[in-house]
Amino acid sequence: MTEIDAKTDALVPAWLHLPDIAEMLDVEVTRVRQLVKEGQLIAVRRGENRTLQVPAAFIDGDKVVKGLAGTLTLLRDDGYSDEEMLEWLFTSDPTLPGTPAQALSENRGTEVKRRAQALAV
C-alpha cells in the first residue's frame, strides 16, 4: 500500500474504497485486503483521510479484471513499484490503442502482457 504523487493520481480516472469493492465482489473487506497483500490489486492511500483506494478500472462488475493479477506480477518481477505500475497501466499506449488498463478491461490481456514482458528486455 503506497502513497502516490498528484501526477499518477490524475492518470487514474476513478477510484473505489475497499468496502465498496468488497460489496461489489460479495466478499468481506478482509478478503479485499488479502487481494492487495497478495499483489492481485494495487491499493494506495489518497484523499483527505488517506483512505485505501483501488482504481475502479481494476474491478469488472463482480470480479477483478481478467489478466490484471498476471500483469501486476510481470511488472513487479521487472522491479516496478506500485506507483510505476499505476503510471504504466494508465498511460496511453498508441500501439494498443488506449491504456493497458483499458485493454485489460476489454479482454485484450495477451497484448498487455506481451508489452509488460517486453519492458524487461
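**Burial, salt bridges and backbone geometry in a predicted model**

Asp82 counts as buried, since its relative accessibility is 17% and the cut-off for burial is under 20%. This value, like the others below, was computed from a predicted model. Asp82 takes part in a salt bridge with Arg76, in which the closest N and O atoms lie 3.7 Å apart. Arg76 is partly exposed, its relative accessible area being 33%.

The protein as a whole contains 7 helices and 6 strands. Their order along the sequence is β-α-β-α-α-β-β-β-β-α-α-α-α. For 121 residues, a compact globule would be expected to have a radius of gyration near 14 Å, and the value of 14 Å found for the protein agrees with this. Along the principal axes, the C-alpha atoms fill a box of roughly 35 × 30 × 25 Å. Of the 121 residues, 40% are buried. When contacts between residues at least 6 apart in sequence are considered, 58% of them join residues at least 24 apart. The accessible surface amounts to about 6600 Å², and carbon and sulfur atoms account for 49% of this area.

The protein carries 14 positive and 20 negative charges, and the mean positions of the two sets are 4 Å apart. Side chains of opposite charge can pair when their charged atoms come close. In this structure there are 8 salt bridges. One of them joins Glu87 and Lys7, with 3.1 Å between the closest N and O atoms. This pair links distant parts of the chain, as Glu87 belongs to helix H5 (residues 82-89) and Lys7 to helix H1 (residues 6-11), 80 residues apart. Glu87 is partly exposed at 29% relative accessibility, whereas Lys7 is exposed, with a relative accessible area of 53%.

A further salt bridge is formed by Arg31 and Glu38, whose closest N and O atoms are 3.7 Å apart. Arg31 is located in helix H3 (residues 29-37). Both partners are partly exposed: the relative accessible area is 36% for Arg31 and 41% for Glu38. Arg31 and Ile21 are 10 residues apart along the chain, and their C-alpha atoms are separated by 10.0 Å. Elsewhere, Glu106, Arg108 and Glu111 are linked in a network of salt bridges.

The backbone was also examined for unusual geometry. Most residues other than glycine have a negative phi, and most peptide bonds are trans. Asp26 is not a glycine, yet its phi is positive, at about 60°. This residue lies in the loop between helix H2 (18-25) and H3. With a relative accessible area of 71%, Asp26 is exposed. Arg50, also not a glycine, has a positive phi of about 55°. Arg50 is situated in the loop between strand S3 (44-46) and strand S4 (51-55). The relative accessible area of Arg50 is 34%, and the residue is therefore partly exposed.

The peptide bond between Leu96 and Pro97 is cis, with omega at about -15°. Pro97 is placed in the loop between H5 and helix H6 (100-105). Helix H5 is also the location of Glu87, the partner of Lys7 in the salt bridge described above.

Notes: Residues are numbered from 1 along each chain as its sequence is written. This is a predicted model: local features need pLDDT of at least 70, side-chain atom pairs count only at pLDDT 80 or more; totals for chains, interfaces and linings use all residues. Side-chain values use heavy atoms; hydrogens and water are left out. Helices (H or I, at least four residues) and strands (E, at least two) are DSSP runs, numbered from the N terminus. The radius of gyration is taken over C-alpha atoms; the globule rule is 2.2 Å times the number of residues to the power 0.38. Buried means under 20% relative accessible area, exposed over 50%, partly exposed in between (1.4 Å probe, protein chains only). Contact means heavy atoms within 4.5 Å. Accessible areas come from the Shrake-Rupley method with a 1.4 Å probe; for residues, only the protein chains shown count as cover. Lys and Arg count as positive and Asp and Glu as negative; His and the chain ends are not counted. The place of a charge is taken as NZ of Lys, CZ of Arg, CG of Asp or CD of Glu. A salt bridge is a side-chain nitrogen of Lys or Arg within 4 Å of a carboxyl oxygen of Asp or Glu.
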